Amino acid sequence: GGTEVVCVANFSAIPHGDYRIGLPSAGTWEEILNTDAQSYTGSGVGNLGAVEAHPDGHQGQPASATIVVPPLATIYLRKA
């Protein structure tokens, strides 16, 4: 019954655009932390604040979204 939060980390120096990830529910997911944000002196690669998950199961989860994973960074997504 709590807030759903997903953490995605990229330990390589290569950004991954159009990366599909399984999520526990469909709907809007806010990008609440991006360690590659310009405010942290990062390159600014990210998801423009939110992603939309669809009810297309992936990776054992009932929903999925296509996200941008910044290089050498971690992002946190929270169900809106």
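Leu23 touches Val6, Trp29, Ala53, Gln61, Pro62, Ala63, Ser64 and Ala65, leaving out residues up to four places away in sequence. Leu23 also ranks among the residues with the most contacts inside the largest nonpolar core. The model is predicted. Its protein chain has six strands and zero helices.

**Nonpolar core**

- The largest nonpolar core has 13 residues. Val8, Leu23, Trp29 and Ile67 have the most contacts inside it.
- Five strands each supply at least two residues of this core: strand 1, strand 2 (16-23), strand 4 (50-53), strand 5 (63-69) and strand 6.
- Which strand gives the most to this core? Strand 5 does, with four residues.
- In soluble globular proteins, nonpolar side chains tend to be buried together.

**Overall build**

- From the N terminus on, the elements run β-β-β-β-β-β.
- The radius of gyration of the protein chain is 12 Å, close to the 12 Å that the globule rule gives for 80 residues, so the chain is as compact as a globular protein of that length.
- Along the principal axes, the C-alpha atoms fill a box of roughly 35 × 25 × 15 Å.
- Of the 80 residues, 34% count as buried.
- The chain exposes about 4,600 Å². Carbon and sulfur atoms supply 54% of that area.
- Among contacts with a separation of 6 or more, 69% come from residues 24 or more positions apart.

**The four-stranded sheet**

- Four strands form an open sheet in the order 1-6-3-4, with antiparallel pairing.
- Strand 1 and strand 4 are the edge strands, and each pairs on one side only.
- The twist averages 30° from one strand to the next.
- Strands of a sheet pair through backbone hydrogen bonds, either parallel or antiparallel.

**Strand 6 and its partners**

- How many bridges join strand 1 (residues 5-10) to strand 6 (residues 73-79)? Six do, and the two strands run antiparallel.
- On the strand 1 side, Val5 stands opposite Arg78 in strand 6. Ala9 has Thr74 of strand 6 as its bridge partner.
- Strand 3 (residues 27-34) is joined to strand 6 by five bridges, also in an antiparallel arrangement.
- On the strand 3 side, Leu33 stands opposite Tyr76 in strand 6. Asn34 stands opposite Ile75 in strand 6.

**Two faces of strand 1**

- In a regular strand the side chains alternate between the two faces of the sheet.
- The covered face of strand 1 holds Val6, Val8 and Asn10.
- The uncovered face holds Val5, Cys7 and Ala9.
- From the covered face, Val6 is one of the residues that Leu23 touches. Val8, on that face, is one of the core residues with the most contacts inside the core.
- From the uncovered face, Val5 stands opposite Arg78, and Ala9 is the bridge partner of Thr74.

**Positive phi outside glycine**

- Most residues other than glycine have a negative phi, and most peptide bonds are trans.
- Asp18 has a positive phi of about 55° although it is not a glycine. Asp18 has its place in strand 2.
- Is Asp18 buried or exposed? Asp18 counts as exposed because its relative accessibility is 69%, where exposed means over 50%.
- Thr41 likewise is not a glycine, and has a positive phi of about 60°.
- Thr41 lies in the loop between strand 3 and strand 4. Thr41 is exposed, with a relative accessible area of 76%.

**Gln38 in the loop**

- Where does Gln38 lie? Its place is in the loop between strand 3 and strand 4.
- At 61% relative accessibility, Gln38 counts as exposed.
- Leaving aside neighbours within four places in sequence, Gln38 is in contact with Ser43 and Gly44.
- Gln38 and Leu77 are 39 residues apart along the chain, and their C-alpha atoms are separated by 18 Å.

Methods
Residues are numbered from 1 along each chain as its sequence is written. This is a predicted model: local features need pLDDT of at least 70, side-chain atom pairs count only at pLDDT 80 or more; totals for chains, interfaces and linings use all residues. Side-chain values use heavy atoms; hydrogens and water are left out. The radius of gyration is taken over C-alpha atoms; the globule rule is 2.2 Å times the number of residues to the power 0.38. Buried means under 20% relative accessible area, exposed over 50%, partly exposed in between (1.4 Å probe, protein chains only). Contact means heavy atoms within 4.5 Å. Accessible areas come from the Shrake-Rupley method with a 1.4 Å probe; for residues, only the protein chains shown count as cover. Two strands pair if DSSP finds at least two bridges between them. A nonpolar core is a set of buried Ala, Val, Leu, Ile, Met, Phe, Trp, Tyr and Cys residues joined through side-chain atoms within 4.5 Å. Axes are lines fitted to C-alpha atoms, for helices over the stretch in contact, and angles run from 0 to 180 degrees between N-to-C directions.
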